[in-house]
Amino acid sequence: MATNSPPLPTTRHARVYGIIDDASVRDIGAKGVSLRDQGRSGLTPTFVFNKPIEQYQRRKLMGFTAFELLHSGCLEKENLGRFGLPLRGMHPMFAPERWWKDGDALPDGLVGTWDARKGPVLTAIRPSLLIASRLLFESHVWLWWDALMYGPRKELNLPANEKDGGPDNLYAFFPRSAPLAAQSKGRQQARFRTLAALMDLRVGTLEPGILGRTDVKKDPSNVDKRITVSVSRDLLVPLLAPGDMTESEVLVQQSIVAKVLVHEVAHALMNLYFRENNQSGASENFFNEEEVAECGWSCEKAILGGHMSILRTGLRPKAVMSCFVTNFPNFFDHFKEGKWKQGRSYRYRSHGNFSASHDPPPTAWYWPVQISFFHQLCQEDFWEKEFTRIGQEALRPPRIVGLGVIKTGEGDRGADTIGAGELIIGKDWEEWMKGNGELWRLGLPTTKEDIQRWEQDAWLRDRMASYWDALWKDSEVKAAGASGAQGAATGSRNQPTAMSGSMTWSQVAGRRP
């Protein structure tokens, strides 16, 4: 009996990110043929040419369109080197002997096994290990690491109405003074070495959506024995066979693997503390006054200024398309009704700040991360000059254009979705405009007057279409045209007659959180 075969990817974007998962989105230039049936991703930056595709993109791209991310510098960037200098070499934490010997065969016909000690997996993960190593070598720059290792801890006696329903063993760790913490540089590296001797690393098959995990093995008497840090194989698959990936896409993927490793090392250090203080099975500690106890997210906030979430639009395992730094904790990603559940690693306190009735109302902020930020992470020159001069602020991605989601109802995520958020201008907008003002002026109007001028000026609309063609010369529209679907390219060139989804920009112009 015949079966319906899934469509084959016909464009570079579809091969890298996956085919569009919404069969209802049609190509107006190809006589209403589903983009899914054409094997396309739906990520072509159509701007206002096709409203259904724009709506699909906003659902998939954290409230943005591909065009908006492109003009923020947060999508593909040409002429980037894949990697810089050795970055001081490998941290002992990630030495080859720490990794499990894994004999599972690689997927998709690739030759070799999942053994990260050698071969193609080591080649794929090595750049990520070097980035993660540099972050650990520089741990003394952040008070957070000193607090986790040597800071004072205090039991939290929360009022009954603020407890999350779990056991009462809630503790917080606090930072020490900067001069005192600065003296612990050597002790911190010794602490990492102590952990490394008790820790195993593996590239494992994890649950969908889980990028990394830290597990503690027990001996027969239930005493903690080994700590295992795992990174998802899904993150490595694109790096094993980059194929159609651009240099910038490879850089993003490598950086996310590094971020996951550092995140899990933070969890492992917390477990080492529990082991040494006979607290096996204890809940993770809160950091300072944070309202959610999740050590890895807290570590990301200390280093990056927030929790870094990934944007992966296709079926797993596919490449990471872009990344966002979001405020931690926020009601949309981290709160989950503030109720403790068995098996969850994190705990809550002070629920009132997450209520829709709180003044000001809880807001989740999403700031797309520029490709140039990931590029600098793997350049020795950045670490030796910029990072040395500025310190931890050098690792805070610029905030140019973001999305704000305000809680309007109770429950896990209130009554809101990402698609209902508002675009906002960030603190680094003016600096970005100095070198990119024309693109933004043509691409995303920033005032009501700009919008009216765009709508009334046929020349400006034509010029915008030219920019779109020039910046995306490898776009899916042209790829589809080259393969015979000429109607797609023809339809995309129709002149827009309204601002479409970009009208929301005028509602938030000038707002600076």
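## Worked exercises: loops, helices and hidden spaces

Pro96 has a relative accessible area of 38%, so it counts as partly exposed. The cut-offs are under 20% for buried, over 50% for exposed, and partly exposed in between, with a 1.4 Å probe and protein chains only.

Before you start: this is a predicted model, so local features need pLDDT of at least 70 and side-chain atom pairs need 80 or more, while totals for chains, interfaces and linings use all residues. Residues are numbered from 1 along each chain as its sequence is written, and side-chain values use heavy atoms, with hydrogens and water left out.

### Exercise 1: place Pro96

Find the loop that holds Pro96, and say how far Pro96 is from Leu122 in sequence and in space.

*Solution.*
- Step 1: Look between H3 and H4; Pro96 is in that loop. Helices (H or I, at least four residues) and strands (E, at least two) are DSSP runs, numbered from the N terminus.
- Step 2: Count along the chain, and Pro96 and Leu122 turn out to be 26 residues apart.
- Step 3: Go from C-alpha to C-alpha, and the gap in space is 8.6 Å.

### Exercise 2: sort out a small sheet

Work out the strand order of the open sheet of 3 strands, and pick out its edge strands.

*Solution.*
- Step 1: The order is E3-E4-E8, and the pairing is mixed. Two strands pair if DSSP finds at least two bridges between them.
- Step 2: E3 (153–155) and E8 (286–287) each pair on one side only, which makes them the edge strands.
- Step 3: Now zoom in on E4 (residues 171–173), which pairs with E8 in the parallel sense over 2 bridges.
- Step 4: Across from Ala172 you'll find Phe286 of E8.

### Exercise 3: explore the largest cavity

Say how many cavities of 30 Å³ or more there are, then describe what lines the largest cavity.

*Solution.*
- Step 1: Rolling a probe the size of a water molecule over the atoms shows where empty space is left. Here a cavity is a set of points on a 1 Å grid where a 1.4 Å probe fits but cannot get out, and lining residues have an atom within 4 Å of a point.
- Step 2: The count comes to 3 cavities of 30 Å³ or more. The largest cavity has a volume of about 150 Å³, where volume is the space filled by probe spheres set on the points.
- Step 3: There are 16 lining residues, and the closest to the centre are Leu135, Ser255, Lys259, Ile303 and Leu304.
- Step 4: Two or more lining residues come from each of H4 (119–137), H9 (247–276), H10 (295–304) and H12 (371–377). H9 gives the largest share, with 5 residues.
- Step 5: By class, the lining has 12 nonpolar, 2 polar and 2 charged residues. Asp, Glu, Lys and Arg count as charged; Ala, Val, Leu, Ile, Met, Phe, Trp, Tyr, Cys and Pro as nonpolar; the others, Gly among them, as polar.

### Exercise 4: check helix H9

Is H9 mostly covered or uncovered, and what span should its 30 residues have?

*Solution.*
- Step 1: Count the buried residues: 27 of the 30 in H9, so mostly covered.
- Step 2: The expected span is 1.5 Å times one less than the number of residues. For H9 that gives 44 Å, and the end C-alpha atoms are 44 Å apart, which agrees.
- Step 3: Step just past H9, and Asn278 takes a positive phi of about 50°.

### Exercise 5: hunt for unusual backbone

Which peptide bond leading into Pro329 is cis, and where does Asp108 sit?

*Solution.*
- Step 1: Most residues other than glycine have a negative phi, and most peptide bonds are trans.
- Step 2: The bond from Phe328 to Pro329 is cis, with omega near -10°. Pro329 lies in the loop between E11 (322–326) and H11 (331–335).
- Step 3: The bond from Asp359 to Pro360 is also cis, with omega near 0°. Look for Pro360 in the loop between E12 (347–348) and E13 (363–368).
- Step 4: Asp108 has a positive phi, near 55°, and is in the loop between H3 (66–71) and H4. Its relative accessibility is 69%, so Asp108 counts as exposed.

### Exercise 6: follow two side chains

Find the backbone atoms that the side chains of Gln188 and Lys407 reach.

*Solution.*
- Step 1: Gln188 is in H7 (residues 185–197), and at 0% relative accessibility it counts as buried.
- Step 2: A polar atom of the Gln188 side chain is 3.4 Å from the backbone nitrogen of His140.
- Step 3: Lys407 is in the loop between E14 (401–406) and E15 (422–425), and it is buried, with a relative accessible area of 2%.
- Step 4: A polar atom of the Lys407 side chain is 2.9 Å from the backbone oxygen of Phe354.

Key. On a 1 Å grid over the protein atoms alone, a cavity is a set of points where a 1.4 Å probe fits but cannot get out, and a pocket is an open set with protein on both sides within 12 Å along at least five of seven lines; lining residues have an atom within 4 Å of a point. A polar contact is a pair of N or O atoms within 3.5 Å; within protein, one must be able to donate a hydrogen and the other to accept it, and residues adjacent in sequence count only if both atoms are side-chain atoms.
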